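Biologist: I have a structure here and a few short questions. Can you go through it with me?

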Amino acid sequence: MRCSEKCCTYICPANVYEWNDEKCLMTIRYENCLECGACKIACDKQNIIWRYPSSEYGVKFKNG
Ligand code: SF4
Ligand code: SF4
C-alpha cells in the first residue's frame with residue numbers, strides 16, 4: 001500500500017515509526033509504544049491495528 005503522508009512517523013509521541021526512504025522500509029519500535037492511540041486514529045488507510053493488553057492491565061512499558 002502506498003502512503004505519501006506517513007503521518008504515523010510524526011504523530012507518534014514515542015517515535016515508534018521511522019521511515020527509511022533509501023531502503024523504502026518502515027521500522028516499528030513497538031516496545032516504545034505508550035498506548036495513546038494517536039497512530040490508529042491518524043492513519044487514514046486504517047493500516048494500524050492494536051489492542052490493549054488482555055485483562056485490562058493497562059500500559060505495559062517495555063523500556064523503563
Ligand atoms: S501506517 Fe498508515 S500513516 Fe503510516 S505509512 Fe502506513 S498507511 Fe501511512
Ligand atoms: S499508540 Fe503507540 S505507536 Fe501509536 S501513536 Fe501512540 S505511542 Fe505511538
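Biologist: Start with ligand 1. Which residues are around it?

Modeller: Bear in mind that this is a predicted model. The residues around ligand 1 are C3, K6, C7, C8, M26, C43, K45, N47 and I48.

Biologist: And how does that shell divide by class?

Modeller: Six residues of the shell around ligand 1 are nonpolar, one is polar and two are charged.

Biologist: What surrounds ligand 2?

Modeller: The surroundings of ligand 2 consist of C12, P13, V16, Y17, C33, L34, E35, C36, G37, A38, C39 and W50. By class, that shell has 10 nonpolar residues, one polar and one charged.

Biologist: Where does ligand 1 sit?

Modeller: Ligand 1 is in the largest pocket. The space that ligand 2 takes is the largest pocket too.

Biologist: OK, the pocket then. What volume does the largest pocket have?

Modeller: About 790 Å³. The lining of the largest pocket comprises 36 residues, and those closest to its centre are C8, Y17, I28, N47 and I48.

Biologist: Which elements give two or more residues to that lining?

Modeller: Those are β1 (17-20), β2 (25-28) and α2 (38-42).

Biologist: How many of the lining residues are charged?

Modeller: Nine are charged, while 25 are nonpolar and two are polar.

Biologist: Let me step back to the fold. How many helices and strands does the protein have?

Modeller: There are two helices and two strands. Along the sequence, the pattern reads α-β-β-α.

Biologist: What box do the C-alpha atoms fill?

Modeller: Roughly 40 × 25 × 15 Å, taken along the principal axes.

Biologist: Now the backbone. What is phi of N15 near?

Modeller: Phi of N15 is near 50°, which is a positive value in a residue other than glycine. N15 belongs to the loop between α1 (8-11) and β1.

Biologist: What about phi of Q46?

Modeller: Phi of Q46 is also positive, near 50°, and Q46 is not a glycine. Q46 lies in the segment after α2.

Biologist: Why point those out?

Modeller: Because most residues other than glycine have a negative phi.

Biologist: Last topic, the rings. How many aromatic pairs does a search of the whole structure find?

Modeller: Zero.

Biologist: What sits over the ring of W19, then?

Modeller: The charged end of K6 does, at 4.4 Å from the centre of the ring. K6 came up earlier as one of the residues around ligand 1.

Notes
Residues numbered from 1 in each chain as written. Chains lettered and ligands numbered in written order. Predicted model: local features only at pLDDT ≥ 70, side-chain atom pairs only at ≥ 80, totals over all residues. Heavy atoms only, no water. Phe/Tyr/Trp six-rings, centres within 6.5 Å; stacked < 30°, edge-to-face > 60°. Lys NZ or Arg CZ within 6 Å of the ring centre and 35° of its normal. Near = heavy atom within 4 Å. 1 Å grid on protein atoms, 1.4 Å probe; cavity = no way out; pocket = protein on both sides within 12 Å on 5 of 7 lines; lining within 4 Å. Sits in = over half its atoms within 2 Å of the grid points. Nonpolar A, V, L, I, M, F, W, Y, C, P; charged D, E, K, R; others polar. Points joined across faces, edges and corners; volume = space filled by probe spheres on them. Helix = DSSP H or I, 4+ residues; strand = E, 2+ residues; numbered from the N terminus.
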